[in-house]
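Welcome! Let us walk through this structure together, one sheet at a time.

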Amino acid sequence: MKGDPLLLGQQPEKQLGGKHLSLSSEGKDYGKADIHIHSSVGDGMAAVSAILDFVEQNTELDVIAITDHDSIEGSYQAGELASKRGYRFQVVPGMEVTTVEGHLLALYIENPVPSFRPLEETVEAIHAQGGLCIVPHPMSWLTDSISRRSLERILSSAEQSLYIDGIEIINATLAGSISNRRARNFNCKHQLAETGGSDAHFLAAVGSGLTLFPGRSAEELRQSLLQRTTQAINGTRFRLNDVGPLQIVRQQLKSRAFPYMIRHIWRNLFRAQSL
Ligand SMILES: [Zn+2]
Ligand SMILES: [Zn+2]
């Protein structure tokens with residue numbers, strides 16, 4: 001990570017247990033964002049209101065985004081509640097769009113982005129409304145993820161509106177156990193803005209993946225993403241034991257990732273048998 005502004009001078013303290021992060025470096029303050037959180041509007045288990053209260057009381061997050069699958073509703077709710085309640089953190093509008101080639105985070109959007117469309121069309125639709133495209137859990141077969149080939153196709157496109165703003169190199173879920181190293185290696189070459197996200201579907205997981213950026217506000221995060229000065233780090237540790245088996249089963253029944261994983265395993269088994 002030579003030349004990374006966040007690693008020059010005194011490094012931000014990388015570990016873990018977010019409440020105790022010391023993020024001053026060369027007199028600069030770094031904000032903490034979790035820009036990949038699911039609510040009960042989608043397949044998450046916590047209501048938007050509960051997530052916001054949790055962020056206020058139990059974390060030091062400066063910016064968050066509610067990014068439900070194929071719905072901006074939770075994000076709208078978060079924006080409205082934040083303006084009513086006057087939290088100390090800011091909310092970025094967003095959603096996680098399912099494209100025909102995998103999930104794509106759309107941030108800083110005002111309107112919902114259509115789902116189940118070709119990747120190119122989705123990227124253009126996000127940029128057309130001034131949004132940013134972040135690729136979550138890339139190359140992970142544990143959930144519906146954009147492949148290396150698809151990413152490289154977009155990155156080599158000559159079309160002006162066809163580009164990716166950032167890549168999630170820390171995803172704090174099981175899907176991240178497949179994608180994180182692959183994403184980091186991929187990004188050594190492509191140098192997109194790096195992000196970390198919890199991909200939280202449970203309250204206790206909020207803040208388990210973080211994006212650091214110079215500043216504190218949602219706008220400063222946006223500028224940092226555009227300038228590619230963000231840094232992904234691990235956040236607060238979270239164990240499935242903290243959630244409990246009943247919650248996990250209930251979430252899996254709501255989840256869209258579970259059927260995808262089963263389909264993937266089934267397809268690969270079938271392929272292996274037919275070789
Ligand atoms: Zn996803
Ligand atoms: Zn997600």
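Before we start, one definition helps: two strands count as paired if DSSP finds at least two bridges between them. Please also keep in mind that this is a predicted model.

With that in hand, look at β4 and strand β5, which covers residues 102–107: they pair in the antiparallel sense over six bridges. To find one of these pairings, go to T98, whose bridge partner in β5 is H103.

Now step back to see where this pair belongs. There is an open sheet of five strands in the order β4-β5-β6-β7-β8, and its pairing is mixed. At the edges of this sheet you will find β4 (94–99) and β8 (193–197), each of which pairs on one side only. On average, neighbouring strands here are turned by 35° against each other, with direction ignored.

Let us move on to another sheet. This open sheet of five strands runs in the order β3-β2-β1-β9-β10, again with mixed pairing. Its edges are β3 (90–92) and β10 (231–234); each has a single partner strand, so one side of each is left without a neighbour in the sheet. From one strand to the next, the twist averages 30°.

Where does β3 find its partner? Strand β2, residues 63–66, runs parallel to β3, and three bridges join the two. Here A65 stands opposite V92 in β3.

Finally, a helix joins the picture. Helix α6, made of residues 218–227, packs on this sheet and touches β1 (30–37), β2, β3 and β9 (209–214). The direction of α6 makes about 90° with that of β9.

Terms used: Residues are numbered from 1 along each chain as its sequence is written. Chains are lettered from A and ligands numbered from 1 in the order in which they are written. This is a predicted model: local features need pLDDT of at least 70, side-chain atom pairs count only at pLDDT 80 or more; totals for chains, interfaces and linings use all residues. Helices (H or I, at least four residues) and strands (E, at least two) are DSSP runs, numbered from the N terminus. Axes are lines fitted to C-alpha atoms, for helices over the stretch in contact, and angles run from 0 to 180 degrees between N-to-C directions. Two residues are in contact if their C-beta atoms, placed from the backbone, lie within 7 Å.
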